[in-house]
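Open the structure in your viewer and keep the selection panel handy. We will move from the whole chain to single residues and then to the open spaces.

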Amino acid sequence: MANITGDYPQIERIDTGLYSLNKALGGGWPMTTVELTGFAGVFKSTFAISILSLVAEHYGKKFLLAPIEPADREQLNSILDSMGFTGETHIITEQTDEEMVDKFCELLGQDDYASGLFDSLTAISPIMEMESSSADMNMGRRARLSGVLARKLIHLNRFRTSPVTSILISHVTQSLSMTPTNTGSSTSGGEVKKNLSKVRIKAKVV
């Protein structure tokens with residue numbers, strides 16, 4: 001057996017109660033950054049809230065929600081109640097999406113949070129995009145902000161005294177390539193969050 005030295009922390013995993021999911025994820029939900037993708041209407045938010053509230057309940061800590069897309073409080077309460085979550089859920093209400101990104105990372109850096117959901121990368125609207133004309137070119141600004149978010153989450157995991165997990169929801173979109181053979185799809189938010197997410201899950205209805 002290989003001899004690995006150095007005080008590098010092992011990624012903790014939490015039993016989800018779902019055998020197939022635990023097995024697919026190497027023994028349970030990993031306390032790290034996860035990208036959850038899929039087309040609209042496949043229950044990405046419901047799945048994410050359920051898993052992250054389960055994690056927060058396991059550690060007896062708070063669950064953090066950054067709702068870039070509008071959040072339905074009644075639905076949120078229904079999901080949390082069904083999961084038996086008894087802790088605190090904090091919803092970020094910053095004014096701009098840049099502030100939402102900064103606040104999300106700031107709070108997840110605190111030890112009293114165990115999990116956080118950023119919902120979603122697709123709906124991010126950078127200040128420059130919001131304040132400029134619809135005719136202005138703003139390509140790449142959303143991907144850049146998503147990349148900043150992913151990098152900050154990776155770094156905060158290195159400095160916390162206890163593990164934390166976060167889910168970044170990203171929608172699957174049809175590729176815009178004009179080639180006749182194009183039948184593929186991509187996810188919003190750029191390549192950085194794909195590279196830095198330790199786990200990527202694609203949800204679909206079967």
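## The whole chain

Of the contacts in the chain with a separation of 6 or more, 71% are between residues 24 or more positions apart. Keep in mind as you look around that this is a predicted model. Colour by secondary structure and you should find 7 helices and 9 strands. The chain has 206 residues, and buried residues make up 42% of them.

## Stop 1: the largest nonpolar core

Select Trp-29, Leu-36, Ile-49, Phe-63, Leu-117, Ile-167 and Ile-201. These touch the most other members of the largest nonpolar core, which has 27 residues. Now show the elements that give two or more residues to this core: strand E3 (33-38), H2, E4, H3, E7 and strand E9 (199-202). Which of them gives the most to this core? H2 does, with 6 residues.

Next, centre on Leu-117 and display its neighbours. Leaving out residues up to four places away in sequence, Leu-117 touches Ala-48, Ile-49, Leu-52, Phe-63, Leu-64, Leu-65, Ala-66, Phe-104, Ile-167 and Ile-169. There is also a second, separate core of 20 residues, and Ala-66, Val-101, Ile-124 and Leu-145 are among them.

## Stop 2: Thr-16

Select Thr-16, in the loop between strand E1 (13-14) and helix H1 (19-24). Is this threonine buried or exposed? Thr-16 counts as buried because its relative accessibility is 11%, and the cut-off for buried is under 20%.

Show the side chain of Thr-16 as sticks and look for two polar partners. One of its polar atoms lies 3.1 Å from the backbone nitrogen of Leu-18. The Thr-16 side chain also makes a polar contact, at 2.8 Å, with the side chain of Asn-22. Asn-22 appears again among the residues that Thr-16 touches, along with Leu-21, Trp-29, Ile-51 and Leu-54, when residues up to four places away in sequence are not counted. You have already met Trp-29 in the largest nonpolar core.

## Stop 3: Leu-156

Move to helix H6 (residues 141-159) and pick out Leu-156. Leu-156 is buried, since its relative accessible area is 11%. Add Cys-105 to the selection: the two residues are 51 apart in sequence, while their C-alpha atoms are 7.6 Å apart in space. Cys-105 is one of the residues that Leu-156 touches, and Leu-108, Gly-109 and Val-164 are the others, not counting residues up to four places away in sequence.

## Stop 4: the two pockets

Switch on a surface for the last stop. Rolling a probe the size of a water molecule over the atoms shows where empty space is left.

The largest pocket holds about 510 Å³ of space. To find it, select Pro-9, Ile-11, Met-31, Asn-157 and Arg-158, the closest to its centre of the 16 residues that line it. By class, the lining of the largest pocket has 7 nonpolar, 5 polar and 4 charged residues.

For the second largest pocket, with about 390 Å³ of space, select Ser-45, Thr-46, Glu-69, Gln-75 and Asp-119. Those five are the closest to its centre among 20 lining residues. Helix H2 (44-59), strand E4 (62-67), helix H3 (73-82) and strand E7 (165-174) each give two or more residues to this lining. H2 gives the most, with 4 residues. The lining of the second largest pocket divides into 11 nonpolar, 5 polar and 4 charged residues.

Definitions and conventions. Residues numbered from 1 in each chain as written. Predicted model: local features only at pLDDT ≥ 70, side-chain atom pairs only at ≥ 80, totals over all residues. Heavy atoms only, no water. Buried < 20%, exposed > 50% of the residue type's maximum accessible area, 1.4 Å probe, protein only. Polar contact = N/O pair within 3.5 Å; in protein donor to acceptor, adjacent residues only side chain to side chain. Contact = heavy atoms within 4.5 Å. 1 Å grid on protein atoms, 1.4 Å probe; cavity = no way out; pocket = protein on both sides within 12 Å on 5 of 7 lines; lining within 4 Å. Points joined across faces, edges and corners; volume = space filled by probe spheres on them. Nonpolar A, V, L, I, M, F, W, Y, C, P; charged D, E, K, R; others polar. Core = buried A, V, L, I, M, F, W, Y, C linked by side-chain atoms within 4.5 Å.
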